[in-house]
Amino acid sequence: MKRISILISIFSLLIFLSGCMPPMYKTPIGAAAQSGDINAVKDLLATGSNACEEQEYGQTAYMLAATYDLTIFPLDMKYRTCRDEIYRILIENAYETFSKGGRCPLLLYHAAGGGCNDVVRGLLEKGYNPDEKYMDMTALGYAAFHGQLETVKILLNKGADFDLAINGLKELASKQVPHLNEPLNRKTYDKANQGVKVLSGLKPIYEGWSYYQKGNYDEAIRVFNRALEINPKDETALRGRGWAKHHKGSFSEAVSDFNKALENIEPQNKDLLKDALRGKAFSYLGLGDMETAIGLIKKAKEASDYDTNYDLSLIYYVMEDKEKAWEYRGGRGMVGVQVKDYNKGMIRGAEAVKIVAGGPAEKAGMLIGDIILKLNDADITGIMDFVNKAKTLIPGAIAKIKVLREGIEKDLSLPVASAEALMEENQLIAPIIAKKKGKPETVAKLPQEVSPFIKSDVDELPADKLPSPRPDTFAIVIGIDYKNRQDIPNLQYASTDAKKIYSILTDPRYGGVPKENAVLLINEKATRNE
């Protein structure tokens with residue numbers, strides 16, 4: 001009787017940890033997934049099966065593949081992740097099925113537990129609930145339970161709830177299966193408590209970035225200090241404290257924090273390396289060392305290829321070499337209007353979404369909603385075209401702008417201003433300029449280039465100002481570098497450019513192509529079948 005009770009208890013715990021009831025019967029894809037037969041899984045997927053096929057009691061193939069090596073005495077449970085080819089294939093197939101409208105229960109939950117980060121990102125970008133949970137365990141808690149730190153950060157960046165996840169882990173750690181002490185109870189208890197420790201350590205980091213984004217640098221530093229007491233090597237807290245100190249004008253301390261962050265950033269995390277190197281560069285600039293600042297910007301470009309003209313224009317402006325500053329900026333003109341792409345029917349241009357008070361555009365009579373069609377008789381094809389042309393305008397000159405307002409074209413005369421005011425207020429160099437002029441520390445808003453885990457480096461519009469997605473548009477972007485091909489020269493920037501174009505096309509502020517209508521194929525992914 002005691003043995004039966006133990007088996008029932010084990011059975012109940014396995015149900016919780018796998019997120020579903022184990023089935024009595026399985027489809028062929030389910031049986032192949034659970035047995036770990038990757039060749040059978042590939043063959044079945046190729047002939048029309050999919051990983052979301054539900055077995056009895058609602059399990060799917062990816063759920064059945066999640067655990068393996070289950071024995072009773074001694075009891076052990078091992079988990080598959082996206083590092084295992086069979087699990088990755090099943091989760092990616094499930095995501096494809098979901099994207100086409102198929103039902104795939106607890107997909108985010110299982111993708112998070114397996115560290116399938118591309119799928120996790122894709123689901124969240126499609127509006128999937130970041131707090132999906134089974135019983136008391138959320139996707140965030142499940143990722144922390146399995147030690148998937150990168151997945152944890154992705155979920156937190158999309159608003160997953162700390163407290164829900166921590167409470168779910170604590171609940172799991174408090175559960176004890178009757179008559180069973182080891183090894184599963186102990187293993188589950190330890191993993192759940194480790195998950196609580198991970199999330200508890202990250203919580204102050206996110207609080208710190210929240211203060212930072214509000215420009216409350218003193219409070220941000222205080223919270224980052226608390227986070228670093230828990231983990232002195234946390235690169236995210238070190239970067240955050242470095243940027244906060246930079247904005248307070250404590251440039252030497254900022255350099256020290258960025259150095260420590262760089263010691264703890266993995267070489268493959270190129271965007272994080274770039275961010276820390278840029279922070280270090282501008283902090284050295286605050287110390288008056290332009291040569292070191294420029295050298296670090298070059299290293300940042302080597303770490304994560306990006307257009308350095310913006311950074312270099314700021315550096316030369318601070319060092320009062322305005323000729324070079326304007327050269328790297330692309331000109332010194334300023335028109336005082338923020339725009340977004342406009343492309344409807346046969347009309348293309350740039351739509352005004354914000355007018356700078358007292359600026360040239362306001363003086364010219366431009367209104368929010370005006371569609372800029374021409375600048376000095378040259379057609380405007382979109383936001384970047386307008387920005388690049390506006391930079392080349394000569395301050396003091398009168399520019400001719402043709403706008404479309406309520407279906408009627410209007411000609412406006414715009415007095416071009418100098419971009420010096422914009423440069424002086426730029427969040428990256430405002431504390432440096434203030435210190436040079438002997439002014440107290442500045443309270444600047446968050447530079448859009450900086451965030452806990454790196455976001456877009458283009459200013460974001462408020463949510464209520466974003467245009468509606470364009471469901472009638474589609475995009476396929478292909479980038480092939482032809483590496484290791486003898487018959488075709490290696491193209492250094494094809495894949496990088498393709499990623500940038502895809503990002504612009506799927507950004508609601510610019511291209512407006514829904515993510516589900518866009519495909520990005522890079523190098524080995526760009527096959528005939530794909």
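**Helix α17**

I began with what covers the buried residues of α17, and the elements in contact with them include α15 (270-286), α16 (290-303), α18 (322-329), α21 (420-425) and α22 (430-436). Contact means heavy atoms within 4.5 Å, and buried means under 20% relative accessible area, with exposed over 50% and partly exposed in between (1.4 Å probe, protein chains only). Helices (H or I, at least four residues) and strands (E, at least two) are DSSP runs, numbered from the N terminus. I noted that this is a predicted model, in which local features need pLDDT of at least 70 and side-chain atom pairs count only at pLDDT 80 or more, while totals for chains, interfaces and linings use all residues. Residues are numbered from 1 along each chain as its sequence is written, and side-chain values use heavy atoms, with hydrogens and water left out.

Helix α17 spans residues 309-318, and 8 of its 10 residues are buried. I listed the buried ones as Asp-311, Leu-312, Ser-313, Leu-314, Ile-315, Tyr-316, Tyr-317 and Val-318. Just after this helix, I found Glu-320 with a positive phi of about 65°.

**Cores**

I then looked up the largest nonpolar core, which has 107 residues, and found Ile-315 of α17 among those with the most contacts inside it, together with Tyr-62, Leu-90, Leu-155, Leu-199, Leu-285 and Ile-429. Such a core is a set of buried Ala, Val, Leu, Ile, Met, Phe, Trp, Tyr and Cys residues joined through side-chain atoms within 4.5 Å. Helix α11 (residues 184-213) gives the most to this core, with 8 residues. A second, separate core of 22 residues includes Val-339, Leu-375, Ile-380 and Ala-390.

For Leu-155, leaving aside neighbours within four places in sequence, I recorded contacts with Leu-108, Ala-112, Val-120, Leu-124, Pro-130, Ala-139, Leu-140, Ala-143 and Ala-160.

**Helices α7 and α9**

Two of those partners, Val-120 and Leu-124, sit in α7, where they and Asn-117 and Arg-121 meet Glu-150, Thr-151, Ile-154 and Leu-155 of α9. The axes of α7 (residues 117-125) and α9 (residues 149-157) come within 10 Å and cross at roughly 10°, so I entered the pair as roughly parallel. Axes are lines fitted to C-alpha atoms, for helices over the stretch in contact, and angles run from 0 to 180 degrees between N-to-C directions; those under 35 degrees count as roughly parallel.

**Single residues**

Thr-138 lies in strand β4 (residues 137-138), and I entered Thr-138 as buried because its relative accessibility is 1%. Beyond four places in sequence, Thr-138 touches Tyr-109, Asp-131, Glu-132, Lys-133, Leu-164 and Ala-165.

I checked two non-glycine residues with positive phi. Leu-106, at about 55°, is in the loop between α5 (85-99) and α6 (107-113) and is buried, with a relative accessible area of 14%. Glu-406, with phi near 55°, lies in the loop between β10 (398-405) and β11 (408-415) and is exposed, with a relative accessible area of 78%.

Asn-39, in helix α3 (residues 38-46), counts as exposed at 52% relative accessibility. I found Asn-39 and Ile-86 to be 47 residues apart in sequence and 8.9 Å apart in space, C-alpha to C-alpha.

**Whole protein**

Finally, I noted 23 helices and 14 strands in the protein, and that 48% of its 530 residues count as buried.

Technical notes:
Parallel < 35°, antiparallel > 145°, perpendicular 65-115°, else oblique.
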